[in-house]
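Q: Could you take me on a close look at the empty space in this one? I'd like to know what lines it and where those residues come from.

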Amino acid sequence: MMDRDDVPVGVGGEGGILPNGTILPNVGGYQAIIDQGMSTAGECRYRQAIPLAQRGRLDVNSNYGLRKAFLPQGSRRYTPLQQPTAQQVMIDAVSSGPITVFLMGAHTNFAIFLMNNPHLKKNVKHIYAMGGSVRSNCLKNDSSGNSGECSQIGNLYPQDCNPYAEFNIFSDPFAAYKVLHSGIPVTLIPLDATNTIPLSKSFFKEFQRRQNTYEAKYCFRALKVIRDTWLSDQFHEQYCMWDSFMVGVALSIMRNSHNHDGENEFAEMQYMNITVVTSNQPYGTLDGSNPLIKGNSIPKFNVQKNGVHSGHVQMGMQDPFCLQKGKGKCQDGYTKEDTGEDTARVLVATKAKPNNDSGNSLGKEFYKSFLHVINSPERPGRFDIRRQYPFYMEVLYKPDFGKKMRGKPVVFDMDMSAGDFLALLYLLKLPVELINLKGILISSTGWATPATIDVVYDVLHMMGRDDIPVGLGEAFAVGQANPAFAAIGDCKYSKAIPHGSGGYLDSDTLYGLARGLPRSPRRYTAENCVKCGAPRDTDNPELRQPSAKDVWKSIVESLDPGSKITMLTNGPLTNLVQIILSQNASSLIQGVYIVGGHIGYGKGDLFTVPSNEYAEFNMFLDPLAAKEVFTSSVDITLVPLWMQRRVASFRKILNRMNATTQTPEVVFAQRLLLRLWRLQQEHYRYHHMDIFLGEILGAVILSGNRHLNQTFASKSLKVMADGDITKIGSMIIDEEQGKQVTVLENINPETYYDHFARVLGDYRQSAVLGSFLEQERMWNTKPENMNIDHNQQL
């Protein structure tokens with residue numbers, strides 16, 4: 001949009017840190033430094049403070065739904081093993097000469113860069129960082145009319161574990177400490193200053209009036225949906241101009257570089273001696289919380305055994321050591337003012353300056369500058385998605401099945417792994433007289449983050465099935481949400497999924513292929529309504545993203561009398577257990593086909609938890625849900641791991657697909673399968689790609705094709721959900737306490753491969769839009785015999 005495709009973008013990296021503290025090249029920054037091992041999977045002691053779903057990572061990852069609704073389609077995209085890493089981009093940039101660094105999040109990437117490249121530190125002239133909180137400045141009036149400081153300095157919530165930290169610094173306190181104590185000049189813009197520049201009503205109103213560039217429109221629309229979905233009526237007092245204010249202060253100081261006291265237009269500055277608290281007293285505590293000294297004869301990174309890094313390290317937002325009613329006692333991430341030797345002299349912004357024009361309704365000088373710059377005609381954005389294409393249209397494609405008889409009603413519960421999308425294509429290709437796919441439920445506790453729901457919408461749009469509702473499930477496995485604040489929670493099970501290659505990064509982008517799909521008019525949005533439980537209606541409440549419960553309810557209401565639903569689950573059983581526990585839901589379920597679980601025949605597939613040899617991912621990722629399902633009254637057909645492995649040959653399935661009719665869905669499936677296979681051959685991080693290939697099997701068994709020679713056996717099964725991590729998620733045969741389950745025991749793999757390729761190659765119920773390129777050609781061509789105005793929406 002901004003015509004800056006020349007700017008390199010670095011993300012992740014597969015390097016690790018050895019137990020002795022040796023930092024290997026290209027550490028990805030997915031974990032806090034003290035928790036970083038040799039994998040991108042791992043703990044979330046700090047990250048768990050950030051909400052996962054709405055008003056958290058889901059809204060940020062989708063920019064509240066505006067990312068796809070507004071931004072143009074660029075030519076650059078993520079591609080596995082080709083995407084520049086964060087460390088390489090920093091090395092290239094800093095090596096080129098003197099440079100200034102802006103930090104607006106966790107300091108992990110830059111701290112690793114400094115620790116691994118000390119010879120390049122001389123090229124970094126200054127660091128500007130948004131984050132931290134030094135002094136409390138949220139004054140309040142008591143009943144006597146006197147002012148007193150509030151007890152909370154930071155902005156974490158709930159306050160009963162750590163009232164001192166701010167999110168950016170708390171995300172990796174040790175990294176922030178290394179940056180602050182690097183010897184490079186640092187200017188910090190903490191909450192002390194940003195709390196004094198909230199997004200005021202007068203600023204909001206003026207911004208609404210002045211939207212002269214695409215970037216201004218994009219920013220305002222984002223701010224508006226944030227305001228409209230804010231939980232309280234205090235948005236204009238609580239939402240501050242955090243990162244943008246830091247950039248404004250930094251650029252102003254840089255323009256006035258001859259002033260060494262940080263003189264600038266927007267903030268009052270003061271030098272302070274501060275440090276970053278990385279552990280809690282008493283120091284030298286060996287309570288197992290501190291990876292720097294835990295189990296190491298020599299502490300990592302040469303920290304002192306009884307020094308400031310040797311105390312108790314906060315273990316999460318429910319750490320008993322930290323919890324204290326009213327005000328918690330942990331200080332991890334606190335940018336603390338101190339007089340001791342272990343401090344750094346830092347230039348700190350303390351307060352936003354008022355508008356120089358006292359008669360101006362914009363109360364802060366930065367308000368005025370921000371609106372001027374964001375609306376400046378110099379170097380403006382080129383276009384949004386609607387102006388990028390002269391005949392852009394948003395069209396919903398819904399099939400007309402006429403008088404065709406409908407097959408058995410099916411609901412597909414998927415966690416959006418690569419194999420799930422192949423299974424979805426298969427289900428969409430089956431004759432509607434055989435399988436009537438009524439809805440899709442998204443499990444957010446599996447292999448992809450919730451925002452990947454947009455890829456599901458795009459696949460449905462490609463296949464002409466914009467009529468199928470998609471419901472978003474809960475963000476946390478059973479028992480993992482914080483009891484005091486359900487928006488955040490632990491990652492006891494989800495920590496087994498890698499964040500980098502072969503994990504979330506690839507699932508969220510469908511291994512770099514998602515951008516090649518047609519763009520659906522349907523997408524996740526933060527739009528909401530009062531009758532749905534929101535504090536107020538947004539501009540377009542009809543666009544609200546339905547929950548899994550909403551979609552299930554609507555499907556049940558649409559059933560013909562006497563009809564029941566068959567479910568297929570391809571991920572953790574989080575959604576299914578909620579449905580089963582809802583009133584009378586079990587009586588509406590004909591049966592459930594569960595892809596997952598491991599019964600004998602070798603080891604499980606939990607490769608990131610080597611101590612657990614017999615669990616399978618779908619059971620492990622929500623074991624309490626699985627346990628509940630396997631004690632319920634619903635009929636279960638299990639497609640276990642060892643059967644999935646029998647049909648996990650990339651070579652054979654690709655050979656069959658190469659020989660079939662090349663429908664758009666065959667072409668897309670081939671590209672995905674070929675990419676997975678090549679990645680498995682090229683890099684050890686992708687050794688597990690064949691587990692996704694086996695996920696297609698559940699959908700094929702559900703279809704009931706008799707030529708597959710499938711056989712079943714009844715077994716009494718029980719899921720282990722409690723106790724030692726080495727047993728959680730495993731499945732045992734228990735004749736006394738187990739549930740009778742129909743288990744797939746055999747299938748003809750060759751017939752299976754032929755059948756899957758033949759179904760996808762059938763010209764019936766084929767894609768209406770084969771790819772984004774096809775959609776792009778359509779948007780660049782005036783439709784024949786139609787008088788359509790520019791950017792008409794259908």
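A: Here's a walk through one pocket and then the enclosed cavities. Bear in mind that this is a predicted model, where local features need pLDDT of at least 70 and side-chain atom pairs count only at pLDDT 80 or more, while totals for chains, interfaces and linings use all residues. Numbering starts from 1 along each chain as its sequence is written, and side-chain values use heavy atoms, with hydrogens and water left out.

Let's start with the second largest pocket, which holds about 890 Å³ of space (the volume is what's filled by probe spheres set on grid points, joined across faces, edges and corners). A pocket here is an open set of points on a 1 Å grid over the protein atoms alone, with protein on both sides within 12 Å along at least five of seven lines; a cavity is a set where a 1.4 Å probe fits but cannot get out, and lining residues have an atom within 4 Å of a point.

This pocket has 36 lining residues, and T525, E527, N540, L543 and R544 are the ones nearest its centre. As for helices (DSSP H or I runs of at least four residues, numbered from the N terminus), α2 (66-70) and α9 (214-228) each put at least two residues into the lining. α9 has the largest share, at four residues. By class, you get 16 nonpolar, six polar and 14 charged residues (nonpolar means Ala, Val, Leu, Ile, Met, Phe, Trp, Tyr, Cys and Pro; charged means Asp, Glu, Lys and Arg; the others, Gly among them, are polar).

Now for the closed-off space: there are six cavities of 30 Å³ or more. The largest cavity comes in at about 100 Å³. Of the 15 residues around it, M393, R519, P521, Q775 and W779 sit nearest the centre. Helix α27, covering residues 772-779, is the top contributor to that lining, with three residues. Eight of the lining residues are nonpolar, three polar and four charged.

The second largest cavity has a volume of about 60 Å³. You can go round its wall by name: W447, D605, E616, F617, N618, L641, Q644, I691 and E695. Two elements, α19 (617-620) and α21 (641-646), give two or more residues to that wall. Its mix is four nonpolar, two polar and three charged residues, so charged side chains appear in the count for this cavity too.
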